[in-house]
Every structure is written in C-alpha cells, then in structure tokens.
Amino acid sequence: MIFFAVSNQMASTDYMTYGFALTVIFGGVIGFLKAGSFPSLIAGVLFGGLIAFGATQTSQNPKNILVVLVVSIILMIVMGTRFYKSGKFMPAGLVFVLSILNICRHLYNYKWK
C-alpha cells in the first residue's frame, strides 16, 4: 500500500528545452559552415550542451532549473546585445527571444507547478 502513496507526480521529459538546446547547437554549426566561424561552433556546442544537460535535470525534477536558468540568462544578455547592435533577427534575435521564453517558462513552472 505504501508503494502507491510514495509519489503521484511523475516528471516528464522537457522536450521544449531539448528543442532550444538543438536550436543553439544547430545555430553554431550553421555559423561555422556559412562564415567559417570556429568560435560560433564552439559556443553553439558548449551552450547547447549545457542547455541539454539542464533539460535532463528539469526532466527528472521540474524544480531543478538552475543550469537552464543561468545558461539562458547568459544567452539572453549576449545575444540580446548582438541583436541590438546589428538589428538582424537571425540568429541573435531568435536566440534572444527563445532565451526569454525559456526563462519565463521555467520560472513559471518553478513558482506555480
């Protein structure tokens, strides 16, 4: 009987954050292929990998948002600055907007779910 009362809330896979991670990785690869930018490749894989790691943590425990939150805030600041200076939506503006959405989503889930 105790077995059934242990937990009635199961964590689910955080597909949205995994999608954000893939977008960041893919953006770094595209930056490398189009412009030969090795720093874009390294940053894309590094930050995308960190977001994917954070997605693994939030998939296991939706309240474990620290990694996702920190990496998303860094991306929001860096890409927001690049978007402001260049005025080009792709890729900086897209990552800026996705970072803000990711931050808001995780803070909402942390606070109210």
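## What counts as a pocket here

A pocket is an open set of grid points where a 1.4 Å probe fits, with protein on both sides within 12 Å along at least five of seven lines, and its lining residues have an atom within 4 Å of a point. With that in hand, welcome to the tour; please keep in mind that this is a predicted model.

## The fold at a glance

The chain holds 5 helices and 0 strands, so its pattern along the sequence reads α-α-α-α-α, each helix being a DSSP run. Its C-alpha trace spans about 60 × 25 × 15 Å along the principal axes. Of the 113 residues, 27% count as buried.

## The largest pocket

Let us look at the pocket itself. The largest pocket has a volume of about 590 Å³. Its lining is made up of 22 residues, and those that lie nearest the centre are G27, G28, S40, M79 and P91.

Which helices each supply at least two residues of this lining? They are α2, α3, α4 (66–86) and α5 (89–112). Helix α2 gives the most, with 9 residues. Sorted by class, the lining has 14 nonpolar, 6 polar and 2 charged residues, which may be handy to have at your side as you inspect the pocket.

## A nonpolar patch on the surface

Now for the outside of the model. F26, I30, F32, L33, F38 and I42 form a nonpolar patch on the surface, and together these residues have about 600 Å² of accessible area. Two helices, α2 (15–35) and α3 (38–60), each supply at least two residues of the patch. The largest share comes from α2, with 4 residues. Helix α2 thus appears in two roles, because it gives the most to the pocket lining and the largest share to the patch, with helices taken as DSSP runs.

One member of the patch deserves a visit of its own. F26 sits in helix α2. Is F26 buried or exposed? Its relative accessible area is 55%, and because exposed means over 50%, F26 is classed as exposed.

## A look at L46

Our last stop is L46, a residue of helix α3. Its relative accessibility is 47%. Since buried means under 20% and exposed means over 50%, L46 falls in between and therefore counts as partly exposed.

How far apart are the C-alpha atoms of L46 and V24? They are separated by 9.2 Å, while the two residues lie 22 residues apart along the chain.

Key: Residues are numbered from 1 along each chain as its sequence is written. This is a predicted model: local features need pLDDT of at least 70, side-chain atom pairs count only at pLDDT 80 or more; totals for chains, interfaces and linings use all residues. Side-chain values use heavy atoms; hydrogens and water are left out. Patches are made of residues with over 30% relative accessible area and no salt bridge: like charges are joined within 9 Å, nonpolar side chains (Val, Leu, Ile, Met, Phe, Trp, Tyr) within 5 Å. Accessible areas come from the Shrake-Rupley method with a 1.4 Å probe; for residues, only the protein chains shown count as cover. A salt bridge is a side-chain nitrogen of Lys or Arg within 4 Å of a carboxyl oxygen of Asp or Glu. Buried means under 20% relative accessible area, exposed over 50%, partly exposed in between (1.4 Å probe, protein chains only). On a 1 Å grid over the protein atoms alone, a cavity is a set of points where a 1.4 Å probe fits but cannot get out, and a pocket is an open set with protein on both sides within 12 Å along at least five of seven lines; lining residues have an atom within 4 Å of a point. Grid points are joined across faces, edges and corners, and a volume is the space filled by probe spheres set on the points. Ala, Val, Leu, Ile, Met, Phe, Trp, Tyr, Cys and Pro count as nonpolar, Asp, Glu, Lys and Arg as charged, and the others, Gly among them, as polar.
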